[in-house]
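Hi,

Here is the structure I promised to pass on to you. Please open it alongside this email, and my notes follow underneath.

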Amino acid sequence: MNQFVGPVEKFFNEEVDSRKIDRDAKIPPETLKGLKDLGLFGMQIPEEYGGLGLSNTMYARLGEITSLDGSIAVTLAAHQAIGLKGILIAGTDEQKAKYLPRLASGEHIAAFCLTEPGSGSDAASIQTRATLSEDGKHFLLNGSKVWISNGGIADIFTVFARTEVVDKDGQLKDKITAFIVEREFGGVTHGKPEDKLGIRGSNTCEVHFENTKVPIENVIGEVGGGFKVAMNILNSGRFSMGSASAGMIKKLIELAAEYACTRKQFNKKLSDFGLIQEKFCIMAVKAYIMESMAYLTAGMMDRPDCTDCSMEAAMVKVFSSEGAWTCVSEALQIFGGLGYMKDYPYERYLRDSRILLIFEGTNEILRMYIALTGMQYAGKILTDRIKEIRKGNVEVALGEFLNKLRDTMGRKVDLGLVGDRGVVHLSLQESGKKLEENIYYFGTTVRGLLSRFGKTIVEEQLVLKRVADIVINLYAMTAAISRASRSISIGLRNHDHEVLLTNIFCTEAYFKNNYAMAQLEKYADENLDDYIKKAAKHILEKRAYTCSHPLDRTF
């Protein structure tokens with residue numbers, strides 16, 4: 001790993017002028033060449049195709065460094081995390097041999113073309129169409145894509161379009177298909193680069209396809225199987241946002257700490273004030289949790305028996321993007337007016353990090369995905385139990401009754417994490433107990449929600465948001481406790497600080513989870529969902545804020 005980390009760190013520290021990239025809204029050719037020479041355009045492409053062949057864990061580690069410039073991070077991610085990922089995970093051997101070597105070297109740059117003017121989060125509603133030619137040898141591609149990262153500089157595009165497919169019943173249906181499209185095929189044009197709030201140096205533009213002839217051998221996967229390809233591409237790349245965000249925050253902590261320990265106000269260093277100290281604690285805790293979640297997920301993805309970590313990757317993305325936004329804001333606040341000035345990098349970090357909550361799946365959509373994916377499994381178990389009870393299985397019915405009775409009396413939860421035979425270190429026992437308790441009562445809460453709402457739970461977005469937030473916290477607690485326990489066990493330096501950060505997070509998460517579960521109870525006083533919907537309905541009907549001005553009079 002060090003053979004990669006050292007040169008990349010040196011390059012970013014000495015060769016990357018982030019202020020110039022942001023001001024000019026362009027990454028200089030010499031910087032792009034440096035990135036290509038380091039092999040950063042082929043990080044996860046196998047060595048047999050000229051790439052570095054990095055594991056997900058190693059990719060995450062380098063992501064900590066490349067994230068120090070948001071424009072470069074997005075350019076690299078758009079190229080390999082989504083742009084060429086379809087070829088990697090679903091391409092044929094012939095497609096890989098033809099395209100990956102030049103993509104690995106950076107001779108060719110890739111882009112991912114899914115979003116359209118009328119389809120953002122609703123990817124299934126795209127209108128770009130690919131029509132099979134009469135001789136069956138190629139597709140004619142027509143349509144437009146918007147907000148395409150690398151769109152103006154890419155040579156290879158992964159494009160999603162509607163195609164006619166005959167289903168099992170012999171019916172002709174429209175289904176999405178994924179294609180590898182070369183700019184050289186012709187009929188490929190792009191608009192001017194978008195003028196963006198942040199990540200200004202990355203190239204983002206519209207891409208248009210007009211009668212572009214795509215050979216049939218350039219279909220990725222099966223004709224009609226493109227939606228699954230798109231989801232697999234997006235699901236596999238989100239985890240790296242955790243390490244990237246943590247890398248950025250760790251850099252900000254260093255810069256802010258140096259300032260806070262030297263800047264004086266009221267004859268005291270900023271670092272002596274409690275409200276400033278709180279900000280550093282918030283940043284350190286969030287960075288630690290992001291790292292823990294990201295590397296736990298990357299490790300699982302690297303296992304040969306890993307089948308699907310899309311839910312874990314989505315949780316990393318939501319937590320890290322929102323945590324990064326909070327931390328960048330806190331860091332800027334420490335610098336005060338200086339942080340607001342373009343002569344310093346802090347306002348750029350703020351602008352660059354805002355996109356994290358939007359792209360690769362908005363956090364609102366991902367929360368629905370996290371909640372419903374988990375509840376789908378829980379729903380199957382509950383359905384099986386109900387079937388047993390209806391069959392007259394007295395043992396299952398009695399078990400359900402006793403569980404409810406024990407819960408009302410305050411059950412002592414023991415899932416085997418703590419105690420003499422537990423896997424959690426003694427210094428983390430209280431956090432382990434809180435995690436166990438949260439997990440058990442969350443299970444009870446989910447069963448109650450499924451019994452109450454049934455299939456209509458999919459429409460209860462405010463409920464699902466709370467479910468997702470609890471699940472994210474539980475995964476974060478698990479990742480942090482696991483990491484801190486390991487650090488103590490193998491004697492890593494500053495492991496006591498890791499324990500402190502873990503215990504702070506787990507205590508806060510425990511009480512947040514308990515409050516969220518209280519809100520999810522039927523008729524809970526803490527639940528304001530009906531009032532929220534009523535207020536929003538009034539505002540949206542009037543298309544305005546309708547309260548009278550405080551200076552208005554009736555006399």
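Below is what I found, going from the open and closed spaces to single residues and then to the strands. Please keep in mind that this is a predicted model.

**The second largest pocket**

Let me start with the second largest pocket, which has a volume of about 1,200 Å³. Its lining is made up of 30 residues. If you want to find its centre, look for Glu64, Lys250, Glu291, Arg483 and Arg493, the lining residues that lie nearest to it.

Which helices supply at least two residues each to this lining? They are α1 (2–14), α4 (56–66), α9 (240–260), α10 (274–302), α16 (461–489) and α17 (495–519). Of the contributors, α10 gives the most, with 7 residues. By residue class, the lining of this pocket divides into 12 nonpolar, 7 polar and 11 charged.

**Ser243, in one of those helices**

Ser243 sits in helix α9, and α9 is among the elements that line the second largest pocket. Is Ser243 buried or exposed? Its relative accessibility is 0%, so Ser243 counts as buried.

The side chain of Ser243 has two backbone oxygens to look at. The backbone oxygen of Ala60 is reached at 2.8 Å, and that of Ser240 lies 3.2 Å from a polar atom of the Ser243 side chain. Setting aside neighbours within four places in sequence, Ser243 is in contact with Ala60, Glu64, Ala294 and Tyr295. You will recognise Glu64 from the list of residues nearest the centre of the second largest pocket. For a sense of distance, the C-alpha atoms of Ser243 and Ala104 are separated by 22 Å, with their positions 139 residues apart along the chain.

**The cavity**

Turning to enclosed space, the count comes to 1 cavity of 30 Å³ or more. The space in this largest cavity is about 30 Å³. Ser18, Ile21, Asp22, Asp69, Gly70, Ser71, Arg200, Arg348 and Asp352 form its lining. Two or more of the lining residues come from each of α2 (18–24), α5 (70–83) and α12 (346–353). Helix α2 gives the most, with 3 residues. The classes here are 1 nonpolar, 3 polar and 5 charged.

**Two more buried residues**

Asn438 belongs to helix α15 (residues 429–453). With a relative accessibility of 0%, Asn438 counts as buried. Which side chain does the side chain of Asn438 meet in a polar contact? The partner is Asn513, at 2.9 Å. Beyond the neighbours within four places in sequence, the residues in contact with Asn438 are Leu474, Met477, Ala509, Tyr510, Asn513, Asn514 and Met517.

Ser310 is located in helix α11 (residues 310–335). Its relative accessible area is 4%, and since the cut-off for buried is under 20%, Ser310 is buried. Apart from residues up to four places away in sequence, Ser310 touches Asn235 and Tyr369. The C-alpha atoms of Ser310 and Met231 are separated by 9.2 Å, although these two residues are 79 residues apart along the chain.

**The strands**

Strand β1 (residues 110–113) is a good place to begin. Which residues of β1 point one way, and which the other? Ala110 and Phe112 point one way, while Ala111 and Cys113 point the other way. In a regular strand, side chains alternate between the two faces of the sheet. All four of these β1 residues are buried.

Strand β1 runs parallel to strand β4 (residues 156–166), and 4 bridges join the two. Within that pairing, Ala111 stands opposite Phe157.

Strand β7 (residues 204–215) has antiparallel pairings to follow. With strand β3 (residues 138–149), β7 pairs over 9 bridges, and here Leu140 has Lys213 as its bridge partner. With strand β6 (residues 188–190), β7 pairs over 3 bridges, again in the antiparallel sense. In that case Thr189 stands opposite His208.

That is what I have for now. I hope you enjoy looking through it, and do write back with any questions.

Best wishes

Definitions and conventions
Residues numbered from 1 in each chain as written. Predicted model: local features only at pLDDT ≥ 70, side-chain atom pairs only at ≥ 80, totals over all residues. Heavy atoms only, no water. 1 Å grid on protein atoms, 1.4 Å probe; cavity = no way out; pocket = protein on both sides within 12 Å on 5 of 7 lines; lining within 4 Å. Points joined across faces, edges and corners; volume = space filled by probe spheres on them. Nonpolar A, V, L, I, M, F, W, Y, C, P; charged D, E, K, R; others polar. Buried < 20%, exposed > 50% of the residue type's maximum accessible area, 1.4 Å probe, protein only. Polar contact = N/O pair within 3.5 Å; in protein donor to acceptor, adjacent residues only side chain to side chain. Contact = heavy atoms within 4.5 Å. Pairing = 2+ DSSP bridges.
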